[in-house]
Structures are given as C-alpha cells and as structure tokens.
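Q: Please take a close look at one part of this model, the charged side chains that pair with each other, and then place that part within the rest of the fold. I would like one connected account that I can follow with the coordinates open.

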Amino acid sequence: MFLKDLSLDVIATFDNCEQDHFQLLYLQENDLKTENNLLTYIKNNFDEKFKDENLLKLSLCWISKNMEKYKKFKAVRESIKKNGKYFFEGKESEKENDKEI
C-alpha cells in the first residue's frame, strides 16, 4: 500500500555527468523500514541514462503535511539525522584505492 501523503525529493550527484533530480511519489512502508531499502528504492528510480554512472551523493528532502507520523520508520529518522545527505565513493575512487595497495 502506498503512503499517500508522503513524497521524497531526490537530487543525485554523479562523478562525470549532470545531476539527476526527481520526486518519488509512491513510497511504501517496506521502502522505509531500513536505510538500505530506501537507498535501493531510490537507485532503482534513476533515469536510465544514469544507471551506470558513479554516484557520489544523494540529497533527500521529505515532503508531507504530517512528518511526525512517518518518523516511526527507521529510514526516515536516519535520513533526517543525516540532514538528508548520503555520500558514496565512486567507482573511479575505488579503482585509485586499488592501485595504491
């Protein structure tokens, strides 16, 4: 069942291309149970042209007239604690780290 009065504004920043900006309108309870579930759901909604790009950062903004009722979900609470910012190491950074070893 979809959470009707909750949406998520997402800005994804990539290493070698433009940002992707979209809004997720059809969140389900399962998407919010863990941060991993939430991040997987977000990544599955990237525009096709961004699927293979090096993700560096996600910026999230929750939108609801009643956010208090959604703070019961772990992913929402954790996201708010992080100010909606998630940072990742791109594939290129991982390759550079492998060379140093």
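A: In this predicted model, Lys71 is a good place to begin: its relative accessibility is 32%, and because partly exposed covers the range between 20% and 50%, Lys71 counts as partly exposed. The side chain of Lys71 meets that of Glu68 in a salt bridge, with 2.9 Å from N to O, and Glu68 itself is exposed, at a relative accessible area of 56%. This pair is one of 4 salt bridges that the structure holds.

Another of them joins the side chains of Asp5 and Lys69 at 3.3 Å, N to O. Here the two partners come from distant parts of the chain, 64 residues apart, since Asp5 belongs to the segment before β1 (7–14), while Lys69 sits in the loop between β3 (55–63) and α2 (74–81). Both ends are partly exposed, with a relative accessibility of 30% for Asp5 and 41% for Lys69.

A further salt bridge, between Lys81 and Glu78, has an N to O distance of 3.5 Å, and this pair stays inside helix α2, where the two residues are 3 apart, about one turn of the helix. Lys81 counts as exposed, at 63% relative accessibility.

To place these pairs in the fold, consider the open sheet of 4 strands, whose order is β2-β1-β3-β4 with antiparallel pairing. The edges are taken by β2 and β4 (85–87), and because each has a single partner strand, one side of each is left without a neighbour in the sheet. Neighbouring strands are turned by 15 degrees against each other on average, direction ignored. Between the antiparallel strands β1 and β2 there are 5 bridges, and Asp9 stands opposite Gln23 in β2.

Helix α1 packs on this sheet and touches β1, β2, β3 and β4, its direction making about 105 degrees with that of β3. Helix α2, which carries the Lys81 and Glu78 pair, also packs on the sheet, but its contacts are with β3 and β4, and its direction makes about 110 degrees with that of β3.

The surface also has a nonpolar patch, formed by Phe2, Leu25 and Tyr26, with about 330 Å² of accessible area together. Leu25 lies in the loop between β2 (20–24) and α1 (35–44), and with a relative accessible area of 43% Leu25 is partly exposed.

Notes: Residues are numbered from 1 along each chain as its sequence is written. This is a predicted model: local features need pLDDT of at least 70, side-chain atom pairs count only at pLDDT 80 or more; totals for chains, interfaces and linings use all residues. Side-chain values use heavy atoms; hydrogens and water are left out. Patches are made of residues with over 30% relative accessible area and no salt bridge: like charges are joined within 9 Å, nonpolar side chains (Val, Leu, Ile, Met, Phe, Trp, Tyr) within 5 Å. Accessible areas come from the Shrake-Rupley method with a 1.4 Å probe; for residues, only the protein chains shown count as cover. Buried means under 20% relative accessible area, exposed over 50%, partly exposed in between (1.4 Å probe, protein chains only). Two strands pair if DSSP finds at least two bridges between them. Axes are lines fitted to C-alpha atoms, for helices over the stretch in contact, and angles run from 0 to 180 degrees between N-to-C directions. Contact means heavy atoms within 4.5 Å.
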